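Some labels given to residues in a model rest on simple cut-offs. The questions below ask how such labels are reached.

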Amino acid sequence: MSKKLSPTFTQDWFSRSIPSWSHILTQLTKKTPNLRILEIGVFEGRSTCWLLENFCKTPESTIMAIDSFEGGIEHKSMELGGLKKQFEDNIASVGSSAQVVVRPGLSLDQLCRLVAENTKPFDFISVDASHQAADVLSDAVLAFQLLKPSGVIAFDDYIWSPMRPGTENPLLLPKSAIDAFTTIYSQKLRILPNFPLYQLYIQKH
Ligand SMILES: C[S@@+](CC[C@H](N)C(=O)[O-])C[C@H]1O[C@@H](n2cnc3c(N)ncnc32)[C@H](O)[C@@H]1O
């Protein structure tokens, strides 16, 4: 399908990750040219469009996109009524709708379903949905279950906090969940070194 329109975005929470994602995905495509990608939290599809245009150039490369399309608690002030349609329009505008499977709903529900369906494992998983620690922890554990050996999980917003320094509640932030997960799973994974700490990347043994 030819390109019709350019995708439209109101937010950019992704561009800072492009150098790290480019490096990691280039390594992964050396072994697996047709990547199977799972994105947990897609919002308007900025990262999905970038993946499609840069690392999913063959029709066999696919992306599964999970999102409630309702925003997280940090998005309360945003008008998000048309978010799912905007995501779908953006994907269509890069001409790649057929490569993307959308699973609307809460990540906990959708990930449990994927595990129960014995879904073929993924090469690369992005965890960027709810930033509440309990949600990040269940997303991490279930994503790990769905990851291929040597596959990579990207945790966004590892050191994100909207609170004043010294007043942070760790239960409302991703870091405490990601630290608990990487500690408990330490014999099953390695943390990829030398990336900016705004994201944390792990590789499954
Ligand atoms: C930070 S945005 C994702 C940004 C996107 N990865 C990008 O780079 O543009 C978080 C997204 O997660 C979704 N979300 C929040 N909590 C969720 C949950 N519990 N289950 C599924 N999606 C959720 C929101 O609707 C929002 O679209």
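Q: Why is F69 called buried or exposed in this predicted model?
A: F69 has 20 C-beta neighbours inside 10 Å. The cut-off for buried is 20 or more, so F69 counts as buried.

Q: Where does F69 lie, and what is the value of its phi?
A: F69 lies in the loop between strand 2 and helix 3 (83-93). Its phi is near 55 degrees, a positive value in a residue other than glycine.

Q: What makes a positive phi worth noting in a residue other than glycine?
A: Most residues other than glycine have a negative phi.

Q: Why is N118 called buried or exposed?
A: N118 has 7 C-beta neighbours inside 10 Å. The limit for exposed is 12 or fewer, so N118 counts as exposed. N118 is found in the loop between helix 4 (107-116) and strand 4 (122-127), and its phi is also positive, near 55 degrees.

Q: How do you know whether T8 is buried or exposed?
A: T8 has 11 other C-beta atoms within 10 Å. Exposed means 12 or fewer, so T8 is exposed. T8 is found in the segment before helix 1 (18-31). Its C-alpha atom is separated by 9.1 Å from that of F87, which is 79 residues apart from T8 along the chain.

Q: What makes L111 buried rather than exposed?
A: L111 has 25 other C-beta atoms within 10 Å. Buried requires 20 or more, so L111 is buried. The place of L111 is in helix 4.

Q: Which residues does L111 contact, leaving aside neighbours within four places in sequence?
A: L111 is in contact with D139, L142 and A143. A contact means C-beta atoms within 7 Å. I66 is 45 residues apart from L111 along the chain, and their C-alpha atoms are separated by 8.5 Å.

Q: Why is A133 called buried or exposed?
A: A133 has 20 other C-beta atoms within 10 Å. With the cut-off for buried at 20 or more, A133 is therefore buried. A133 is in helix 5 (residues 133-145).

Q: Which residues does A133 touch, not counting those up to four places away in sequence?
A: A133 touches P170, L171, L172, L173, P174, S176 and A177. A133 and N169 are 9.8 Å apart, C-alpha to C-alpha, and 36 residues apart in sequence.

Q: How do you know that helix 5 meets helix 6, and which residues take part?
A: A133, V136, L137, A140 and V141 in helix 5 meet P174, S176, A177, I178, A180 and F181 in helix 6. The residues of this contact divide into 10 nonpolar, one polar and no charged. The axes of helix 5 and helix 6 (residues 174-184) are 7 Å apart, at an angle of about 35 degrees. The crossing of the two helices is right-handed.

Q: Which residues have the most contacts inside the largest nonpolar core?
A: I125, V127, A143 and I153 have the most contacts inside this core of 50 residues. V127 touches I40, V136, D139, A140, A143, I153, A154, F155 and D156, not counting residues up to four places away in sequence.

Q: Which residues come nearest to the ligand, and what kinds make up the shell around it?
A: F14, G41, F43, A129 and S130 come nearest, of the 20 residues around the ligand. The shell divides into eight nonpolar, seven polar and five charged residues. Helix 2 (46-55) and strand 2 (62-67) each supply at least two residues of the shell.

Note on methods. Residues numbered from 1 in each chain as written. Predicted model: local features only at pLDDT ≥ 70, side-chain atom pairs only at ≥ 80, totals over all residues. Helix = DSSP H or I, 4+ residues; strand = E, 2+ residues; numbered from the N terminus. Contact = placed C-beta atoms within 7 Å. Core = buried A, V, L, I, M, F, W, Y, C linked by C-beta atoms within 7 Å. Near = placed C-beta within 6 Å. Nonpolar A, V, L, I, M, F, W, Y, C, P; charged D, E, K, R; others polar. Axes fitted to C-alpha atoms, helices over the stretch in contact; angles between N-to-C directions. Left-handed = near helix turned anticlockwise from the far one by under 90°.
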